[in-house]
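This report walks through one protein model, from its overall build to its helices, its interior and its charged pairs. The sequence and the structure are shown first.

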Amino acid sequence: MKIGIVRHARVNYRYKRFTTGVTFIEGRNAYDTAQTAITKLEIKAADFPVCYTSSQPRALQTANMIYPGPVIISDDLVEVMSASFFLAKLHLPTLLRKIFSRVAWYFNFKMMPETRSQTMQRAERFLDMILSNNNTDVLIITHGFFMFCLKRVLYNHGFRGHVPLFPKNAVLYILEKK
C-alpha cells in the first residue's frame with residue numbers, strides 16, 4: 001500500500017512580525033481563510049484512486065488544483081491550532097508566539113485547543129479508518145505540522161518513506177508499506 005501526503009499550496013498571507021495575543025489570533029484566522037498560490041503539481045487519479053483532504057479552505061483549494069477526481073473531506077486532517085495565551089498583552093515576535101504555542105502543545109498544556117495526545121489520537125483514528133476501508137493507494141492533502149504527527153503514526157504502522165521535518169508546500173511525499 002502506498003500513501004501520498006501533500007502539504008497544501010503556499011498561502012498568500014504574511015503574518016505581522018510582532019503581535020499581541022489578540023492580533024496573533026486575528027492573523028491565524030486570516031491565514032486560515034486566505035487564498036492559495038497556484039501550483040503546478042498534478043496527481044493522476046489512477047495513481048491514487050482515493051483522495052482525502054482537510055476541511056480547511058487552503059487544503060480544499062489545493063485538492064481542487066492538483067487532483068482531478070472526487071475528494072473525501074475529513075476534519076481529522078485539519079492543522080493543529082496555535083493559541084496565544086502567554087504574555088497576551090505584550091507585542092512579541094510572531095515567531096516566538098508560534099514556538100510558545102508548539103511547546104505548550106508538546107507538553108499537553110490544557111489551555112491549548114488540542115493537546116499532543118489528542119492530536120496523536122486523531123492521527124491514529126484517521127489512519128485506522130483508511131486502513132480498514134481499503135488497501136488501495138491513498139492521497140492525503142493536509143497541513144505542515146499535522147503531517148509531522150501523521151508521519152509518526154504511519155512509521156509506527158510500518159510505513160516507510162521520507163517526509164522532512166519542514167515539508168514544502170505542494171510537494172508529494174510517498175510512504176509505502178510492503
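What covers the buried residues of helix 3 includes strand 2 (18-19), helix 1 (21-33), strand 5 (92-93), helix 4 (116-133) and helix 5 (144-156), and this helix is a convenient place to begin reading the model, which is predicted. Helix 3 itself comprises 13 residues, 94-106, and its first and last C-alpha atoms lie 18 Å apart, close to the 18 Å expected at 1.5 Å a residue. The buried residues in helix 3 are T94, R97, S101, A104 and W105. Viewed down the axis of helix 3, these buried residues fall within an arc of 105°, so they line one face of the helix. After helix 3 comes N108, which has a positive phi, near 55°.

**Overall build**

The protein contains five helices and seven strands, and from the N terminus on these elements follow the order β-β-α-β-α-β-β-α-α-β-α-β. Along its principal axes the C-alpha trace spans about 50 × 35 × 25 Å. The radius of gyration is 17 Å, which agrees with the value near 16 Å that a compact globule of 178 residues would have. Of the 178 residues, 45% count as buried, and among contacts with a separation of 6 or more, 69% are made by residues 24 or more positions apart.

**Nonpolar interior**

The largest nonpolar core has 27 residues, of which I3, I130, I140, L150 and L154 touch the most other members. Two or more residues of this core come from each of strand 1 (2-7), strand 3 (50-54), helix 3, helix 4, strand 6 (138-142), helix 5 and strand 7 (172-176). Helix 5 gives the most to the core, with six residues. Leaving aside residues up to four places away in sequence, L150 touches I5, L77, A123, F126 and I140. Apart from this core lies another, of 10 residues, with I43, A59, I66 and L139 among them.

**Charged pairs**

Side chains of opposite charge can pair when their charged atoms come close. The structure holds three salt bridges, which are set out below with the distance between the closest N and O atoms and the relative accessible area of each partner.

| Acidic residue | Basic residue | N to O distance |
|---|---|---|
| D32, 16% | R58, 3% | 2.7 Å |
| D76, 18% | R125, 47% | 2.7 Å |
| E114, 15% | R122, 5% | 2.8 Å |

The salt bridge of D32 and R58 links distant parts of the chain, since D32 belongs to helix 1 and R58 to helix 2 (residues 57-66), 26 residues apart. D32 is buried at a relative accessible area of 16%, and R58 also counts as buried, at 3%.

The pair of D76 and R125 likewise links distant parts of the chain, with D76 in the loop between strand 4 (72-74) and strand 5, and R125 in helix 4, 49 residues apart. Here D76 counts as buried at 18% relative accessibility, whereas R125 is partly exposed, with a relative accessible area of 47%.

In the remaining salt bridge, between E114 and R122, E114 is buried with a relative accessible area of 15%, and R122 is buried as well, with a relative accessible area of 5%.

Methods: Residues numbered from 1 in each chain as written. Predicted model: local features only at pLDDT ≥ 70, side-chain atom pairs only at ≥ 80, totals over all residues. Heavy atoms only, no water. Helix = DSSP H or I, 4+ residues; strand = E, 2+ residues; numbered from the N terminus. Expected span 1.5 Å × (residues − 1). Buried < 20%, exposed > 50% of the residue type's maximum accessible area, 1.4 Å probe, protein only. Arc of directions from axis to C-beta. Contact = heavy atoms within 4.5 Å. Core = buried A, V, L, I, M, F, W, Y, C linked by side-chain atoms within 4.5 Å. Salt bridge = Lys/Arg side-chain N within 4 Å of Asp/Glu carboxyl O. Rg over C-alpha atoms; globule rule 2.2 N^0.38 Å.
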